[in-house]
Amino acid sequence: MGDGEHTDVLVIGAGFSGLYALHRLRSLGFSVRVLEQADGVGGTWFWNRYPGARCDSESYYYCYSFDPELEREWTWTERYPGQEEIRGYLEHVADRYDLRRDIEFGVRVSAAAWDESGWTVTAEDGSSRRCRWLVTAVGCLSAANVPDLPGLADFAGEWHHTGRWPHEGVDVGGKRVGVVGTGSTGIQVIPVLAEQAGHLTVFQRTPNYSIPARNAPVSAAETAATRADYAAIRRVQQASTNGHPFVLSDVDVLDLPADRRRELYEAAWERGGLRFRAAVKDLLTDRAVNDDASDFIREKIRETVHDPATAETLTPRDHPFATKRPPIDTHYFETYNRDDVSLVDVKADPIAAVTPTGVRLESGAEHRLDVLVFATGFDALTGPLLGMDIRGRDGVSLREAWADGPRTHLGLGVSGFPDLFTITGPGSPSVLTNMPVAIEQHVEWTTDLLLRLRDTGERAEPTPEAEEAWAHEVVRAAEATLLPQAASSWYLGANVPGKARVFLPYAGGYARYRDTCAEEAAAGYPGFALTRPTATESPVAAAGR
Ligand code: NA7
């Protein structure tokens, strides 16, 4: 294994996507190697080890569905799986399907270049490998976004991005800790750090909505009921917009009398989590409905947070609920009632610099800190791909091709980059869905196409016309919702300075997307140019099998 090796397929990344791609491709007789920069499997769940890291999807459906035996043998312990439990699950999957023998750990891919005979993939250590088909399984939220703050290098304390949390943990006991960011991650980490730190200061730029998660242990009876019902649960997921097994409400909330509407919201608040969204019909398409639901959450913030000024600072008013990824929490708003927690509004008074002793705001106010935590998110969807120098036909780089924002066909392929497949790429529903559902569909669709290519000897490359049409569909789908109204959303690339403002995921819904992909396959892949290499070219596949 290693330098100079040659396989049918190289997969980059050993998270949910890479593991399933390896399993399925190998089962179909392809030679496959997975290159993973980390020392273990898990992808996002390998790196995000910050205190409180937990999935917002519920455990019984945040998992693979491809093998009923796997569903029967794995037992989840909590309603929402914590980071360690998810990593344990993926390690179990790696062992159960004997995947590790085809994974090289500690190999960080820096470049990939296509020529007429296939792909050459180069790692940071200088080693290179060849393949016919290149599959990126690099995740959507894996390129950490650390703000470029002057003085950070001279900070005398320690600082960490939540997505690169030290494996040995961080001792914050009794220390002055600052957290920048109040997205899903900040909302998870803040209550836990508040319990441990001497004093916690939260630097908030944009206030966020959050729904109580209502995490709890899963009882044996619940596990048994889920197992008995799994086939039906999976059917609901497959027919859904977001890959969650929730049946969306058909009640028009604005037609309800005030007391009934209140009851509906209160019941959804009590159930908690992402199910809150499902309780409100047309939440993401009807602004009046959304305003009403948003008002309810704003009221809950006022009820929960004792100090009215702090409550007001925490109250989101700049975007409709759920137009940014809606966080769910355990005692997030309650945390601001602690004497040892303070909130700083860095929209009103932005961070000017990090000093050796803490953070200085533009007003000159100083906050002394021992530990600074950046819960500042990710260069989403495009970041992990553009972090590698991927070059297609005529040496054109993906960075050049995507200078004005990413363009793909179905999120899975890019014109000018033959035989490259981007699992959960930009333009796929990925982050708008419960990820394992999207991942299984992407992997199965891609591997089906690879089977055809293996049989025919063809190359596959999206046509510019198909890419253009899909770009329009991505825009149309987003504009049919309220999602683009959140100006500071990472869905739009707005969180990364200089990033093109393009709506990144496909908002048309998982079920619709899956049907579109199925139609593409049934019609013989009209969105792809399927070409046979000329006699003078020597496809890697011929040598590789
Ligand atoms: P998010 O959702 O991108 O949140 C990042 C937070 O950090 C958000 O509150 C940002 O404010 C804030 N931020 C980012 N840069 C800065 C700077 N320079 N100064 C102050 N505040 C800043 O990332 P998460 O990790 O929480 O969640 C990512 C996804 O992971 C999540 O949506 C789930 O899908 C799982 P902003 O809102 O941009 O004003």
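Visitor: Where is Asp-419 found?

Guide: In this predicted model, Asp-419 is found in the loop between helix 13 and strand 18.

Visitor: Why is Asp-419 called buried?

Guide: Its relative accessible area is 3%. Buried means under 20%, so the value for Asp-419 meets the criterion.

Visitor: What is notable about the phi of Asp-419?

Guide: Asp-419 is not a glycine, yet its phi is positive, at about 55°. Most residues other than glycine have a negative phi.

Visitor: Which other residue in that loop has a positive phi, and what is the value?

Guide: Leu-410 lies in the loop between helix 13 (398-401) and strand 18 (420-422). Its phi is near 65°, a positive value in a residue other than glycine.

Visitor: How do you know whether Leu-410 is buried or exposed?

Guide: The relative accessibility of Leu-410 is 1%. The limit for buried is under 20%, and therefore Leu-410 counts as buried.

Visitor: What makes Arg-261 a buried residue?

Guide: Arg-261, in helix 7 (residues 258-271), has a relative accessible area of 18%. That value falls under 20%, so Arg-261 is classed as buried.

Visitor: What makes the pairing of Arg-261 with Leu-256 a polar contact?

Guide: The side chain of Arg-261 reaches the backbone oxygen of Leu-256 at 3.4 Å. The cut-off is within 3.5 Å, so the pair qualifies.

Visitor: How do you know which side chains make polar contacts with the ligand?

Guide: The same limit, within 3.5 Å, applies to N or O atoms. An N or O atom in the side chain of Thr-206 is 2.4 Å from a ligand oxygen. For Trp-490, the distance from a polar side-chain atom to an oxygen of the ligand is 3.2 Å. For the side chain of Arg-325, the corresponding distance is 3.3 Å. Each of these values therefore satisfies the cut-off. The protein covers 86% of the 780 Å² of accessible area that the ligand has on its own.

Visitor: What makes up the shell around the ligand?

Guide: By class, the shell has six nonpolar, nine polar and three charged residues. Domain 1 (6-41 + 99-143 + 380-543) and domain 2 (152-221 + 236-374) each supply at least three residues.

Visitor: Which residues touch the most other members of the largest nonpolar core?

Guide: Tyr-89 and Phe-276 do, in a core of 119 residues. Helix 14 (residues 435-456) gives the most to this core, with seven residues.

Visitor: Why is this core said to lie between domain 1 and domain 2?

Guide: Domain 1 and domain 2 both give residues to this core, so it lies between them.

Definitions and conventions: Residues are numbered from 1 along each chain as its sequence is written. This is a predicted model: local features need pLDDT of at least 70, side-chain atom pairs count only at pLDDT 80 or more; totals for chains, interfaces and linings use all residues. Side-chain values use heavy atoms; hydrogens and water are left out. A polar contact is a pair of N or O atoms within 3.5 Å; within protein, one must be able to donate a hydrogen and the other to accept it, and residues adjacent in sequence count only if both atoms are side-chain atoms. Accessible areas come from the Shrake-Rupley method with a 1.4 Å probe; for residues, only the protein chains shown count as cover. Ala, Val, Leu, Ile, Met, Phe, Trp, Tyr, Cys and Pro count as nonpolar, Asp, Glu, Lys and Arg as charged, and the others, Gly among them, as polar. Domain bounds come from an automatic or database domain assignment. A nonpolar core is a set of buried Ala, Val, Leu, Ile, Met, Phe, Trp, Tyr and Cys residues joined through side-chain atoms within 4.5 Å. Buried means under 20% relative accessible area, exposed over 50%, partly exposed in between (1.4 Å probe, protein chains only). Helices (H or I, at least four residues) and strands (E, at least two) are DSSP runs, numbered from the N terminus.
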